[in-house]
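Trainee: Before we begin, may I ask you to justify each descriptive term that you use? I should like to see every value set against its definition.

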Amino acid sequence: MTFNDIFKSSFLENITSVSILDMVLALVLAFGIGLFIFLVYKKTYQGVMYSSSFGVTLIALTMTTTVVILAVTSNVVLSLGMVGALSIVRFRTAIKEPLDIAFLFWAIAEGIVLAAGMIPLAIIGGVIIGLILLVFVNKKSNYNPYIVVLQCDGHEAEQRARKYLETQTNRCVVKSKSAQHGAVELNLEIRLKDGNTGFVNMLSEMEGVHSAVLVSYNGDYMG
């Protein structure tokens with residue numbers, strides 16, 4: 001192999017398969033769309049512990065997918081090798097929130113569509129998806145549920161506490177009950193009337209009630 005054969009190799013000929021302008025434009029747009037996805041994720045996050053690294057991952061995933069698809073579309077042989085290489089990749093990180101899966105697929109889809117040259121579809125589709133998520137995920141109910149945990153002496157104290165709760169709330173439903181000798185523990189789902197939680201103090205001072213705890217319930221519920 002001579003020195004001239006090295007410069008005539010197919011490897012060096014692939015340098016011009018994707019122009020510099022296309023690469024720069026695609027990466028800049030991918031960064032902008034990825035940043036938009038990150039901002040939507042930050043606005044719609046409702047979990048317990050917010051992870052900023054996951055938001056940065058969405059930006060990196062959009063840009064990385066764009067680079068991969070640009071390479072694949074420029075070379076058919078490379079696309080077959082890329083499929084084989086990605087098939088052996090295994091991800092072990094657990095997805096804690098179901099909505100995070102939607103953001104991951106959104107970032108990947110934006111990178112694929114953008115690298116395929118469908119820029120209007122990538123931008124307009126991304127904006128529409130982001131607006132839909134902002135509207136539906138951030139939609140708050142006017143009657144958020146709460147859980148009241150009561151510890152009473154017996155049946156009579158339980159009945160007095162429940163009757164008082166029914167007069168102070170819009171809804172009062174028993175979720176669980178634990179009874180022992182001379183002691184009863186109740187978990188009740190309630191809906192506040194006007195956001196006032198002063199009735200919890202009155203409950204704790206009632207005869208036969210040892211403690212009253214009010215807990216905000218952030219899980220999924222019906223009705």
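Trainee: Which residues does threonine 66 touch?

Mentor: Leaving aside residues up to four places away in sequence, threonine 66 touches Ala26, Ala30, Gly111, Leu114 and Ala115. A contact here means heavy atoms within 4.5 Å. Threonine 66 itself lies in helix 4 (residues 52-74). The model is predicted, so local features need pLDDT of at least 70 and side-chain atom pairs pLDDT 80 or more, whereas totals for chains, interfaces and linings use all residues. Residues are numbered from 1 along each chain as its sequence is written, and side-chain values use heavy atoms, without hydrogens and water.

Trainee: Why is threonine 66 called buried?

Mentor: Its relative accessible area is 0%, and buried means under 20%, exposed over 50% and partly exposed in between, with a 1.4 Å probe and protein chains only. Threonine 66 therefore counts as buried.

Trainee: Is valine 68, also in helix 4, buried, partly exposed or exposed, and what makes it so?

Mentor: Valine 68 has a relative accessible area of 25%, so it is classed as partly exposed. Valine 68 and isoleucine 112 lie 44 residues apart in sequence and 8.5 Å apart in space, C-alpha to C-alpha.

Trainee: How do you know that cysteine 152 and cysteine 172 are buried?

Mentor: Cysteine 152 has 1% relative accessibility, and therefore counts as buried. For cysteine 172 the relative accessible area is 17%, so this residue is buried as well. A search of the whole structure for disulfides, pairs of cysteine sulfur atoms within 2.5 Å, finds zero. Over the protein, buried residues make up 27% of the 223 residues.

Trainee: At what angle do helix 3 and helix 7 pack, and what is that arrangement called?

Mentor: Helix 3 (residues 20-44) and helix 7 (residues 119-137) pack at about 5°, with their axes 10 Å apart. Helix 3 is therefore roughly parallel to helix 7, a term for angles under 35 degrees. The helix 3 side of the contact includes Leu29, Ile33 and Phe36, and the helix 7 side includes Ile123, Gly126 and Leu133. By class, the residues of this contact divide into 11 nonpolar, three polar and one charged.

Trainee: What is the strand order of the sheet, and what makes strand 2 and strand 4 edge strands?

Mentor: The sheet is open, with four strands in the order 2-3-1-4 and antiparallel pairing. Two strands pair if DSSP finds at least two bridges between them. Strand 2 (169-180) and strand 4 (209-216) each have a single partner strand, so one side of each is left without a neighbour in the sheet. The twist averages 20° from one strand to the next.

Trainee: How many bridges support each pairing?

Mentor: Strand 2 and strand 3 (residues 183-192) are joined by 10 bridges, with serine 178 opposite glutamate 185. Eight bridges link strand 1 and strand 3, where leucine 150 stands opposite leucine 186. Seven bridges link strand 1 and strand 4, and there valine 148 stands opposite leucine 214.

Trainee: How is the whole protein built up from its elements?

Mentor: The protein has nine helices and four strands, and from the N terminus on they run α-α-α-α-α-α-α-β-α-β-β-α-β.

How values were computed. Axes are lines fitted to C-alpha atoms, for helices over the stretch in contact, and angles run from 0 to 180 degrees between N-to-C directions. Helices (H or I, at least four residues) and strands (E, at least two) are DSSP runs, numbered from the N terminus. Angles under 35 degrees count as roughly parallel, over 145 as roughly antiparallel, 65 to 115 as roughly perpendicular and the rest as oblique. Ala, Val, Leu, Ile, Met, Phe, Trp, Tyr, Cys and Pro count as nonpolar, Asp, Glu, Lys and Arg as charged, and the others, Gly among them, as polar.
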